[in-house]
Amino acid sequence: MERLKICMVSDFFHPGLGGVEMHIYQLSECLIQRGHKVIVLTHKRGQRQGVRYMRNGLKVYYLPFLPFHDNCTLPTFLSFFPLIRKVLLREAVDIVHGHQATSNLAHECILHARTMGYHTIYTDHSLFGFADAACIHVNKLLKFFLTNVEHCVCVSHTNRENLVLRAALNPINVSVIPNAVDTRRFQPDASQRSKKPWVTVVVVSRLTYRKGVNLLVGAVPEICRRHQHVRWLIGGSGPKQLLLDEMIERENLHDRVELLGAVPHEDVRKVLVRGHIFLNTSLTEAFCIAIVEAAACGLMVVSTNVGGVPEVLPPHMTKLAAPRVDAVVEALEDALLSLPPPEAAQSVHEEVEKMYSWQDVAERTERVYREVVLKPSIPLRERFLRFLRVGPVSGKLFILLVALDTLLCWFLDWWQPREEVEMA
């Protein structure tokens, strides 16, 4: 099979921690193992700027673009083009693969790559609503940027339905390829758990509103009142950490709740194996990698029934609850009464290992790449007309923007012809 050259693009990458960052890294690593060339484009992180190499030869360009809000670059539409063009030409890429709806760098790179004639793919990792002002704004921009994309990938079927509605896409051009977990790194170890009668509930999450910290703050004291043998182990940091600190002080739970602060991903397994139950209180999730990691370590999972979470694990591994404090407490009590024996942890791990594999994700993604590279390029006039679907007024504005992008591309090709760009 022909070797492909793939460029992954996102504002979210190492050393940042999160599901998108881990997805890009693991997928890139597996694609390299399958014989393809993969590079990553992201913005600089502190002193981390320029070209860096990671394990397995993964080449990362930390471009000199400053983050603006929530670790995303400032939208400029055209000013990134000269540097992005030079990188794409140097690496002779075949496919540009952008990640995450809130990543401005991914969308701008896809726009410029399509103008230059490269094949483009986009992976969506989050769910968005339709009612509030922020989501309306994001959805309109997404509808514009995804007009430049030949195929989209979603991490769950719920995510796919959400994206198709938000961006008015043809469902035929949207595939579902779930996330995965490197189960070799998440082996169970029941000897690390607290001895009977103590039961430890583990939470590892960013402490933000979207992760349901308000539900956690309500559930912890209620469970502690009803069950004197339950302890809590909470890892993570974020703007809502103050709520947990206040709750512990108010309820006098210093001996029952341990706050670990931010937990590096390489240490997550050390935290998980100390627990019996893993709690996820997210208010929205396209696909929750954390609950798969917890199940791989042999923990019983209790999670809010939101987004794509019901698709992730079978019923005997997880207890689902409505995103309300009383429902979460009820699900936790159900889990406390039906804890499997420690010996069952290994069989659960083996079951998760069969369900989720990054090699399988890479193989399915490669299949999408092969289909996309066979698609013929579309004429410039047809590309312009496609943007009219965005809206009667905004569509014309976006056509003007793409026309300016095309003129800039022609100018750069005249100023520095492609054949004069030094190959990497």
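**Group meeting talk: strands, crossovers and a greasy patch**

Okay, let's start with one pair of residues: Cys7 stands opposite Val96 in strand E7. Before we go on, keep in mind that this is a predicted model.

So where are we in the chain? Cys7's neighbour strand, E7, covers residues 95–99, and E7 runs parallel to strand E1, with 4 bridges joining the two. E1 itself spans residues 5–9. Is E1 mostly covered or mostly open? It's mostly covered, with 4 of its 5 residues buried.

E1 has another partner as well. That's strand E2, residues 37–43, and here the pairing is parallel over 5 bridges. If you want a spot to click on, try Lys5, which sits opposite Lys37 in E2. How does the chain get from E1 to E2? It passes through helix H1, residues 19–33, and this β-α-β crossover is right-handed.

Now let's jump along the chain to strand E15, residues 300–304. How many of its residues are buried? The count is 5 of 5. Look at which way they point: Met300, Val302 and Thr304 go one way, while Val301 and Ser303 go the other. Why the zigzag? In a regular strand, side chains alternate between the two faces of the sheet. And on both sides of E15, those residues are buried.

What does E15 pair with? One partner is strand E14, residues 277–280, in the parallel sense over 4 bridges. Phe278 has Val301 in E15 as its bridge partner. To get from E14 to E15, the chain goes through helix H9, residues 289–296, and this β-α-β crossover is right-handed. Strand E16, residues 318–321, also runs parallel to E15, joined by 4 bridges. There, Thr304 stands opposite Ala321 in E16.

Let me stay with E14 for a second, as Ile277 is found there. Buried or exposed? Ile277 counts as buried, because its relative accessibility is 0% and the cut-off for buried is under 20%. Now compare Ile277 with Thr76: they're 201 residues apart in sequence, and C-alpha to C-alpha they're 46 Å apart in space.

Next, the surface. Leu380, Leu400, Leu404, Leu407 and Trp410 make up a nonpolar patch there, with about 500 Å² of accessible area together. Which element gives the largest share? That would be helix H14, residues 394–415, with 4 residues. One residue in H14 is Leu400. Leu400 is at 52% relative accessibility, so it counts as exposed, as the cut-off for exposed is over 50%.

Last bit: what do the records say? UniProt, in an unreviewed entry, has an annotation "domain: PIGA GPI anchor biosynthesis" over residues 43–132. In the model, that stretch is 27% helix and 29% strand, and its end C-alpha atoms are 29 Å apart. UniProt also places "domain: Glycosyl transferase family", again from an unreviewed entry, at residues 198–338. That second stretch comes out at 36% helix and 21% strand, with the end C-alpha atoms 15 Å apart.

Okay, quick recap before you go and look for yourselves. E1 pairs in parallel with E2 and runs parallel to E7. E15 has parallel neighbours in E14 and E16. And out on the surface, there's that nonpolar patch with Leu400 in it. Thanks, that's me done!

Notes: Residues numbered from 1 in each chain as written. Predicted model: local features only at pLDDT ≥ 70, side-chain atom pairs only at ≥ 80, totals over all residues. Heavy atoms only, no water. Buried < 20%, exposed > 50% of the residue type's maximum accessible area, 1.4 Å probe, protein only. Pairing = 2+ DSSP bridges. Right-handed = clockwise from strand over helix to strand, strands pointing away. UniProt positions renumbered as here; feature names shortened; annotations may be inferred. Patch = residues over 30% accessible without salt bridge, like charges linked within 9 Å, V, L, I, M, F, W, Y side chains within 5 Å. Areas by Shrake-Rupley, 256 points an atom, 1.4 Å probe, with all protein chains shown as cover. Salt bridge = Lys/Arg side-chain N within 4 Å of Asp/Glu carboxyl O.
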